[in-house]
Amino acid sequence: MTPFVAEVLIPVGKVVAVILYPMVMVVVMIWLERRVVALMQGRLGPNRVGFQGLLQPVADAVKLFFKENIMQRQADTFLFNVSPVLVMFSSLLAFCFVPLGEPIMLGSYNLTLWIAESPVGLLIILGLSSISVFGVIFGGWASNSKYPLMGALRSVVQVLSYEIPIGLTVLTVVFVARSMDLVEIVRRQEASGVWYGFLMPVSFVVFWISGIAETNRAPFDLPEAESELVAGYHTEYSGMKFAFFYMAEYAHMVLVSSLVVILFFGGWLPPFPSVKALSFLHAAPGFVWYLVKIMFFLYLYVWIRATFPRYRFDSLIRLVWKWFVPLSLLNFLAVALGRFLL
Amino acid sequence: MPELAADRPDFRQALEALTGRFPGAVLSSGVEKGESAVRLRKDDLEAVLRFLKDELGFNVLEDIIVLDNVRTAAEGGKRFSVLYQLYRHPGASRIRLVVDVGDNEGLASAVPVYRSADWAEREAFDMFGVRFEGHPGLRRIYLPDDFEGYPLRKDFPLEGRDGGV
Amino acid sequence: MAFKEIDLNMGPQHPSTHGVLRLKLAVDNEVVLRVEPVVGYLHRGMEKLWENLTYTQVVPLTDRLDYIASLSNNLGYVLAVEKLAGIEVPRRARYIRVVLAELQRLASHLAWLGFMANDIGAMSVLLYGFEARETILDVFEEYCGARLTIHGIRIGGVPHDLDGALVARIRKVLDGIPARLADIRALLDENRIWKGRTVGVGTITASAAIEYGLTGPPLRASGVRWDLRKDLPYSSYDEFDFEVPLGRNGDVYDRYLIRLEEICQSIRIVRQALDGLPEGETSVKVPRVLKVAPSEVFHTIEAPKGVLGFYIKSNGTDKPERVKMKSPSFINLQSLEHMCKGNLFSDVVGILGSLDIVLGEIDK
């Protein structure tokens, strides 16, 4: 392996993969959401464009690409243009720190399945995904219209409030794994033989629900609810800028699902490692297991959207402050106590 | 208008109470097709409505209907007849009050007595031009505010007028 | 950033205003201070048109008033004309009218359920409700060829008979609806999110409701027992056994439960009507050009949205002198401000949905 390949081509390839991976997942999600929600509602959903409608996202992207770029005269041009970029940027950048599996040996070269590994990788990811709040508030403000502004404000309050239970539950995992490095966390789960989702179910449930609220998805999607604020903070956006917001939301969903899988469900580990009869499960590479688990959580996102009504904003905020924050604090204390005693 | 055809004990009671309290207010009365109607003097409208609501228990104003008597008006009668359909619940009985109003005359608003008269009077104003004095905000309800003319009047053409809006 | 009072505008183009309705809202930090509905976007001048058509020609136009439940408009107008002209309708026709009217009530409430759930976010219920409604609309299509603006009740009776095949089909439809309803109830009835958005929201007391002239399910949800099918029965409703569901708190949740219960009662009525369908003619011979002696009537029925009334004044010719329609949604909408005061802005959509208004009926 020449130095050129090892030091230039492979990193560039990894960066391209990191950009493509969420984009491909976004495409899959668009199709999945529309088909699955439709089938749950007793209708078919898009099934004409391509086999089973698989090319529908492509058609959507092309359509959005050609739409007219409408901008109000009084809109703040710079902020208006920068906010979709910010939202997309924060989601994509966080993927640099998400590991996809154990390193693979290519001859003598150790190919790591991540772009960067950091001892505080978890913290960096949480921080980066919070940058999207800026994009939302800029978008709402720059639209110079009441509805987007109200939607943006609600969204910001929601995201900031739900960061707290996320932080606290993530801390419980860090406590047990004794590391903030995502790769370490998965290796610890492998070593201890039990996935943290089963060890600390409260943490998992609170993290998952808070994650749904973070991504502004149903039943916490009031800031962008069609029936109330028309479309919330991205009402005034059209064409490719709107597509950016749309894709950024899905990318963020994939990020949250990845975090759930890595922190609580063993990342790329196959299930039942100690059961001899199921040892054929180890034949599939870690990456495949990782994808399977992420797809399960993405399906869960869609399933929840098709089923539940929407939380009203004050109930949403009451839920986090009255229930999730105290619950996650108690949970954290319990885990700390458990760690101390055991 | 109606002739005294059928016999309705509750109507006769109401009528007696009414004529007892407001002598001269009732110009004529009758029952036709099972429905009771009373023609009132215009100035007594508000007092009679209050009496019917508070003391005789007609607690619901179902509708306000305006009739354009353009033909009889030409012979000297009043242009509009305003009908008030009152209903008593529980008890399921109805009474219709009829008040005649001239073209440019105002009529006391029923809103202080019955809240549900609000939009019904706005509709009557919008369609016929009948003014209700004491209405909290009498303005058009269906047509744009700058519309000229009153469409349900018999002299307003069916196809509308050019420049009506 | 402190907002004191913002003026917001919902509509006339808005996904949740059930038609072209404009709501001018004044909110103070999400709490609603004032709501002023602006109507008239769908005004078609129906009453003026009716004065220039014969009594029979008016009937299909009444379909377009409450277009979600057009048979009830037909029934209201036709009963008023028959009272005016002194036409007596045969018993079989009255029973068939009850079947049609109650099926229409079912269809109307199912549509309402779908719309309201969709506004609050439960998208799937919209599709489930409409799936059930489709089965009923297919029955109407088989009966007289139309699904939405049905014109299935005419002066003098009904246009077609219910033969054995159609009766069997209706029974099959009635058997299928409770299962769908159970699905929807399982999703919503005890759902915390649903209850959080509907319990205690948009309350109106019984006395305030009567004061505002509210009728129909919103009035019954406040505990007032007022159902014209029982109080002033028409078209043989007094021969059927059914209950009038009443609410207690007068909030959105009660209105939701009341309409669900009314669906069950309607199914009961249709079954009784089909079981006891008498022999006889389906309509009386009415002259092609119906001339009515000068008189006036005001007749009301219990439509799915509330008390629907028609005032008709005849002048001896074949065209009515004046027809005025008392529309339940028109009066119910006036109480929107009272119900919304003090609630949050997000609740306005739910409260408006629970009133079940149709702009065609409001605007004529």
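**Close-ups of a predicted three-chain model**

**View 1. Helix H11 of chain A, mostly tucked away.** Of the 26 residues of H11(A), 21 are buried, so the helix is largely enclosed by the rest of the structure. This is a predicted model, so the views below show computed geometry. H11(A) runs over residues 239–264, and at 1.5 Å a residue it should span 38 Å; the C-alpha atoms at its ends sit 38 Å apart, so expectation and model agree. Just past the helix, look for A:Gly266, which takes a positive phi of about 75°.

**View 2. Helices H1 and H2 of chain A, crossing.** Here H1(A), residues 3–40, meets H2(A), residues 56–65: the two axes come within 8 Å and cross at roughly 110°. The pair therefore counts as roughly perpendicular. As crossings go, H1(A) passes H2(A) in a right-handed one. On the H1(A) side the contact is made by A:Val27, A:Ile30, A:Trp31 and A:Arg34, and on the H2(A) side by A:Gln56, A:Pro57 and A:Asp60. Sorted by class, that contact comes to four nonpolar residues, one polar and two charged.

**View 3. Where chain A touches chain C.** This one zooms in on 22 residues of chain A that are in contact with 24 residues of chain C. Three helices of chain A each put at least two residues into that side: H10 (226–229), H12 (286–307) and H13 (313–341). The chain A side is a mix by class, with ten nonpolar, five polar and seven charged residues.

**View 4. C:Glu131 and its contacts.** C:Glu131 is found in helix H5 of chain C, which covers residues 123–144. Is this residue buried, exposed or partly exposed? It has 17 C-beta neighbours inside 10 Å, so C:Glu131 counts as partly exposed. Setting aside neighbours within four places in sequence, C:Glu131 is in contact with A:Gly42 and C:Arg180. For scale, C:Lys341 is 210 residues away from C:Glu131 in sequence and 35 Å away in space, C-alpha to C-alpha.

**View 5. Where chain C touches chain B.** Chain C brings 28 residues to this contact and chain B brings 24. Both helices and strands of chain C each supply at least two residues to its side, among them helix H1 (46–50), helix H8 (206–211), strand E4 (295–303) and strand E5 (306–314). Strand E6 (322–326) and helix H12 (328–334) of chain C do so too. By class, the chain C side holds ten nonpolar, eight polar and ten charged residues.

**View 6. Helices H11 and H14 of chain C, side by side.** The axes of H11(C), residues 252–275, and H14(C), residues 345–355, come within 10 Å and cross at roughly 30°. That makes the two helices roughly parallel. The crossing of H11(C) past H14(C) is left-handed. C:Val252, C:Arg255 and C:Tyr256 of H11(C) make the contact together with C:Gly350, C:Ile351 and C:Ser354 of H14(C). Three of the contact residues are nonpolar, two polar and one charged.

**View 7. Helices H2 and H3 of chain C, running opposite ways.** H2(C), residues 55–62, and H3(C), residues 70–85, have axes that come within 8 Å and cross at roughly 160°. They are therefore roughly antiparallel, and their crossing is right-handed. From H2(C), C:Tyr55, C:Val58, C:Val59 and C:Thr62 meet C:Asn73, C:Asn74, C:Tyr77, C:Val78 and C:Val81 of H3(C). The contact has six nonpolar and three polar residues, with no charged ones.

Conventions: Residues are numbered from 1 along each chain as its sequence is written. Chains are lettered from A and ligands numbered from 1 in the order in which they are written. This is a predicted model: local features need pLDDT of at least 70, side-chain atom pairs count only at pLDDT 80 or more; totals for chains, interfaces and linings use all residues. Two residues are in contact if their C-beta atoms, placed from the backbone, lie within 7 Å. Helices (H or I, at least four residues) and strands (E, at least two) are DSSP runs, numbered from the N terminus. Ala, Val, Leu, Ile, Met, Phe, Trp, Tyr, Cys and Pro count as nonpolar, Asp, Glu, Lys and Arg as charged, and the others, Gly among them, as polar. The expected span of a helix is 1.5 Å times one less than its number of residues. A residue is buried if 20 or more other C-beta atoms lie within 10 Å of its own, exposed if 12 or fewer, and partly exposed in between; C-beta atoms are placed from the backbone. Axes are lines fitted to C-alpha atoms, for helices over the stretch in contact, and angles run from 0 to 180 degrees between N-to-C directions. Angles under 35 degrees count as roughly parallel, over 145 as roughly antiparallel, 65 to 115 as roughly perpendicular and the rest as oblique. A crossing is left-handed if the near helix is turned anticlockwise from the far one by less than a right angle, and right-handed if clockwise.
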